[in-house]
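Here are my notes on the packing and the aromatic side chains. Please read them with the structure open.

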Amino acid sequence: MSTQVSTGNNTHAGGTPPSGLSQVEAPENRIQRISTGVLLGIIGLLLLWGSLGTTGDAKIALSDAFDAVQLPTLVLPGMMTVALCAAFALLAAAGYLSGKLHKRAANVAGVIGAFALLIGLITWAAAGSVAVFTMTNQLQGTLAVATPLVFGALCGALSERAGVVNIAIEGQFLTAAFAGAITGSLTKSLLAALIAAILAGMAMGALLALFALKYFVDHVVLGVVINLLAAGLTGFLFHQLVKEDTATYNAVPIMQRLAIPGLSKIPFVGPILFNQTALAYLAILMVPFVWFLLFKTKWGLRVRAVGEHPHAADTVGINVVSTKFVAVVLGGAMAGLGGAYFTIGSTGAFRPDMTVGNGFIALAALIMGRWHPVYAALMALFFGFVTQLGQTLNPLGSPIDSQFLLMLPYVATIIAVAGLVGRVRAPAADGDHFRKE
């Protein structure tokens, strides 16, 4: 008679513990479960408190007033909807805190809690207002706002998968935005501005790689220095050059939305996905491209190898330093595209520190996405949604203070990273210095 030894979580293939055995919850999983339950409970209580002062109905339009096909406008009773969302959030919290939910059920509870927060918040803000909350505008704006965050997350994925910590995404954004603005103003060419932004991002990436890989400077300290360098350099040039002649140096052409014929006319989905700028379309295309590059090519395998076990990669003939350098510079090109959004993609002018922390939000999206390009892009969309939500709710006469609405993306970043992500593992050699033996 043979005896089978169970390892890991001691479960059968179906996910249930063998007879007589029970699962032991890891301490970090327990902390993450409790923190998520507490967070959902707080959300539920806040929604319950908000429902007491909610009056009137909330009008949520599924199409814009100018859409060819007009979808119906949802009318939700304010108090009842917010109270119901509060109940769902509290039920999800109870499920988490009980510890009796299986992993799949816990995921479902988390999704229910997130939707309860979303619908409850929108209903609370829109109830009793004469204005209508337009969902298509919210989602269209989400994709636009998330565009630089997606590029920044992809930049981080390429760099950190190769083992180079990149907190200099903010500086790369800012430098690329400045280069794109100057070039676009002088040439009046969007293509030239885009190329200049890409080259600026790559140059900052090369600077990061040079000092991290050749001179072994601490990656985190180096990233802080590059961010300060970018802020100081662009600020100095702006005040010494651009501000003196804005008509010449700060009149940037702006990308217009490109509606894809036929697809942009699809009700609800069309205006959201198929009526965006070229940079938004490029951000969508770059996500599967970077995924394919990292996980389906020989070069991507080498990048992941030097990020996990550089000495083992070196023993099989991989040039570790060269591979890391190329990955970081290629990541800089992604950051350059993200930086271009701030000038030629949206505002049409450069101003000092205009990236306002988006590089750090992109880094948070990367960590939440577990250093995976697809998951990181989804987290970037989450932050884009929260940012756009603050801008959409403000004109509705929301009971939420306008200053808090501006803080929403940063508050969501802290809450998500601290309470909802759980334990994540960066590439094993991320931030380590490689010295050839």
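The points below run from the nonpolar cores to the ring pairs and then to charges over rings.

1. Status of the model. This is a predicted model. Read each contact and angle below with that in mind.

2. Main core. The largest nonpolar core holds 53 residues. Leu279, Met334 and Phe350 have the most contacts inside it. Helix α5 (residues 169-187) supplies the largest share of this core, with 8 residues.

3. Contacts of Leu279. Which residues does Leu279 touch, leaving out those up to four places away in sequence? They are Thr147, Phe151, Leu194, Met255, Leu337, Ala340, Tyr341 and Gly345.

4. Second core. Another core, of 12 residues, lies apart from the largest one. Among its members are Ile60, Ala126, Met135 and Leu393.

5. Aromatic pairs overall. How many aromatic pairs does a search of the whole structure find? The count is 7. Two of the pairs and a cluster are taken up next.

6. Trp49 and Trp124. These two rings form an edge-to-face pair. Their centres are 6.4 Å apart, and the planes meet at 75°. The pair links distant parts of the chain, 75 residues apart. Trp49 belongs to helix α1 (residues 27-52), Trp124 to helix α3 (residues 103-126). Is Trp49 buried or exposed? Its relative accessibility is 58%, so Trp49 counts as exposed. Trp124 has a relative accessible area of 21% and is therefore partly exposed. The cut-off for buried is under 20%, so Trp124 falls outside that class.

7. Phe238 and Phe350. This pair is tilted, because the planes stand at 55° and edge-to-face needs over 60. The ring centres are 6.1 Å apart. Phe238 sits in helix α7 (residues 219-242). Phe350 sits in the loop between α14 (343-347) and α15 (358-368). The pair therefore ties together parts that are 112 residues apart in sequence. Phe238 counts as buried, at 11% relative accessibility. Phe350 also counts as buried, at 3%. Recall that Phe350 is among the residues with the most contacts inside the largest core.

8. A ring cluster. Which residues do ring pairs link into a cluster? They are Phe173, Tyr341 and Phe342. Tyr341 has already appeared, as one of the residues that Leu279 touches.

9. Charges over rings. Lys214 lies over the face of Tyr215, 5.7 Å from the ring centre. Arg435 lies over the face of Phe216, at 4.2 Å from the ring centre.

Methods
Residues numbered from 1 in each chain as written. Predicted model: local features only at pLDDT ≥ 70, side-chain atom pairs only at ≥ 80, totals over all residues. Heavy atoms only, no water. Core = buried A, V, L, I, M, F, W, Y, C linked by side-chain atoms within 4.5 Å. Buried < 20%, exposed > 50% of the residue type's maximum accessible area, 1.4 Å probe, protein only. Helix = DSSP H or I, 4+ residues; strand = E, 2+ residues; numbered from the N terminus. Contact = heavy atoms within 4.5 Å. Phe/Tyr/Trp six-rings, centres within 6.5 Å; stacked < 30°, edge-to-face > 60°. Lys NZ or Arg CZ within 6 Å of the ring centre and 35° of its normal.
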